[in-house]
Amino acid sequence: MTHEHYERFRRLLDLTDDYLARGIRRKRPQRADSSRVASDTRASQKEPAHEAAHEAAHGAAGLGRQSAQTASERPDLSAGGGDRQAAHTALQQEVTACTLCPLHRERTRAVPGTGVLEPRVLVIGEGPGADEDKQGLPFVGPAGRYLDDWLAAIELSRTENVYITNVVKCRPPGNRDPLPQEWGACNSYLSRQIALLQPQALLAVGRVASGVLTGSSDGIGRLRGRVHSYEGIPLVATYHPSGVLRNPAWRRPVWEDLKQLRAIISR
Ligand code: SF4
C-alpha cells in the first residue's frame with residue numbers, strides 16, 4: 001500500500017468511526033506523517049526488544065533477574081573474566097600439588113572445589129569424603145545429591161549459580177573432623193576462593209565449617225537460624241546433608257535456613 005492509499009484508508013476509517021459514534025465529523029489534531037510514525041514506532045520498539053534480550057540473557061523474573069542486577073554491582077569482570085578463570089585454574093593447580101599439611105599423604109586426589117566462577121552462593125563443607133577423594137570433586141555421593149536437591153529447592157545449582165568447596169581440600173583419614181592445624185594450613189585457599197569468586201552469600205554446612213567460618217565453638221544447633229557475616233559477606237549456617245540423611249528431624253530447620261539464604265540473595 002502506498003502512502004497515499006494509506007491516508008485515504010485512514011480518512012475512511014475516521015469517517016466511519018464518526019458516523020457510528022455521533023453522526024457528525026469530529027475535529028482531529030493533525031497527525032504526524034505516517035513515515036515518521038513508522039520510524040518512531042521502530043525506535044520505540046527498541047526498548048522492549050532490548051528488555052527481551054536482557055531477560056533472555058539473564059534469566060526470567062525472580063532469581064535470574066536479581067542475578068543480573070547483582071552482577072552489575074560487582075566489579076567489571078568483562079575484562080577480568082579471563083583473569084578470573086586463569087586465577088581459578090592456578091589456584092586449583094596449587095591445591096592439587098599442596099603439601100602444606102599431613103593430609104596430603106593419604107589423599108588420592110585433592111578436592112579444590114567446583115562450580116561457576118561468579119556464584120550467587122558459595123557452599124562450604126568440612127572436607128572430602130571417600131567418594132570425593134576418588135573423584136577429586138566435592139559432594140558427589142548421596143550427601144552431594146541431597147545437597148543438590150536443597151539447592152534446587154531455592155533455584156540454585158552447582159552448574160548455574162553455585163560454587164562448592166570445603167574448609168580442607170584433602171580427605172581426613174576415616175572421615176574424622178579436620179584438625180585445627182589442618183584447616184588452619186588450608187585456610188588461605190578458602191580465603192582466596194572467596195575473594196576470587198565474590199559470592200553474594202556463604203552457606204556453611206555442618207558443625208566444622210560453621211565453626212571455622214564464624215570463629216565460634218557453639219554447636220550447629222546454636223549457630224543456625226541467624227545470619228552471620230564473614231568478611232562482610234552474609235553467612236548462613238545449617239546442618240550437613242549427611243547428618244540430615246541420618247536425622248530427618250533436621251529437615252525442617254534446614255528448610256528454614258534455605259529460605260533465609262534465598263531471602264538474602266533475592267535482595
Ligand atoms: S588439606 Fe589443604 S593444606 Fe592440607 S595438604 Fe590438602 S590442600 Fe594442602
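The buried residues of helix α7 are covered by partners that include β2 (121–125), β3 (162–166), α11 (241–246) and α12 (251–265). Contact here is set by C-beta atoms, placed from the backbone, that lie within 7 Å of each other. Helices (DSSP runs of H or I, at least four residues) and strands (runs of E, at least two) are numbered from the N terminus. A residue is called buried if 20 or more other C-beta atoms, placed from the backbone, lie within 10 Å of its own, exposed if 12 or fewer do, and partly exposed in between.

Please keep in mind that this is a predicted model, in which local features need pLDDT of at least 70, side-chain atom pairs count only at pLDDT 80 or more, and totals for chains, interfaces and linings use all residues. Residues are numbered from 1 along each chain as its sequence is written.

## Helix α7

Let us stay with α7 for a moment. Its buried residues are A143, G144, L147, W150 and L151. Seen down the helix axis, these fall within an arc of 110 degrees, so they line one face of α7. That arc is taken from the directions that lead from the helix axis to the C-beta atoms. On the other side of α7, R145, D149 and A152 are exposed.

The length of α7 can be checked too. The helix has twelve residues (142–153), and at 1.5 Å a residue it should span 16 Å; the C-alpha atoms at its ends are 17 Å apart, which agrees. The expected span is 1.5 Å times one less than the number of residues. After the helix comes E155, with a positive phi near 60 degrees.

## The sheet

Strands of a sheet pair through backbone hydrogen bonds, either parallel or antiparallel. In this model, six strands form an open sheet with mixed pairing, in the order β1-β3-β2-β4-β6-β5. Its edge strands are β1 (114–115) and β5, each of which pairs on one side only. Two strands count as paired if DSSP finds at least two bridges between them.

Here are three of the pairings, side by side.

| Strands | Sense | Bridges | Facing residues |
|---|---|---|---|
| β2 and β4 | parallel | four bridges | L122 and L202 |
| β4 and β6 | parallel | four bridges | L202 and L235 |
| β5 and β6 | antiparallel | four bridges | V227 and V236 |

Strand β6 (residues 233–238) has five of its six residues buried, so it is largely enclosed by the rest of the structure. The hairpin of β5 and β6 has two residues between the strands, and E231 takes a positive phi near 50 degrees there.

## Three residues to look at

Start with V254, which sits in helix α12. V254 counts as buried because it has 20 C-beta neighbours inside 10 Å. Leaving out residues up to four places away in sequence, V254 touches W150, T238, Y239 and V244. V254 and V244 are ten residues apart along the chain, and their C-alpha atoms are separated by 8.4 Å. W150 also appears among the buried residues of α7.

Next is G113, in the loop between α5 (81–96) and β1. Its surroundings hold 24 other C-beta atoms within 10 Å, so G113 is buried. Apart from neighbours within four places in sequence, G113 is in contact with P138, Y163, I164, T165 and Q193. From G113 to F139 the C-alpha distance is 9.4 Å, although the two are 26 residues apart in sequence.

Is L179, in the loop between β3 and α8, buried, exposed or partly exposed? L179 counts as partly exposed because it has 14 C-beta neighbours inside 10 Å. The C-alpha atoms of L179 and V168 are separated by 9.5 Å, with the two residues eleven apart along the chain.

## The ligand and the whole protein

Around the ligand there are 14 residues, and the closest are C98, C101, H104, C170 and C186. A residue is near a molecule if its C-beta atom, placed from the backbone, lies within 6 Å of it. Helix α8 (residues 180–197) gives the largest share of this shell, three residues. By class, the shell has ten nonpolar, two polar and two charged residues. Ala, Val, Leu, Ile, Met, Phe, Trp, Tyr, Cys and Pro count as nonpolar, Asp, Glu, Lys and Arg as charged, and the others, Gly among them, as polar.

Stepping back, the protein has twelve helices and six strands. Of its 267 residues, 31% count as buried. Among contacts between residues at least 6 apart in sequence, 69% join residues at least 24 apart.

Notes: Contact = placed C-beta atoms within 7 Å.
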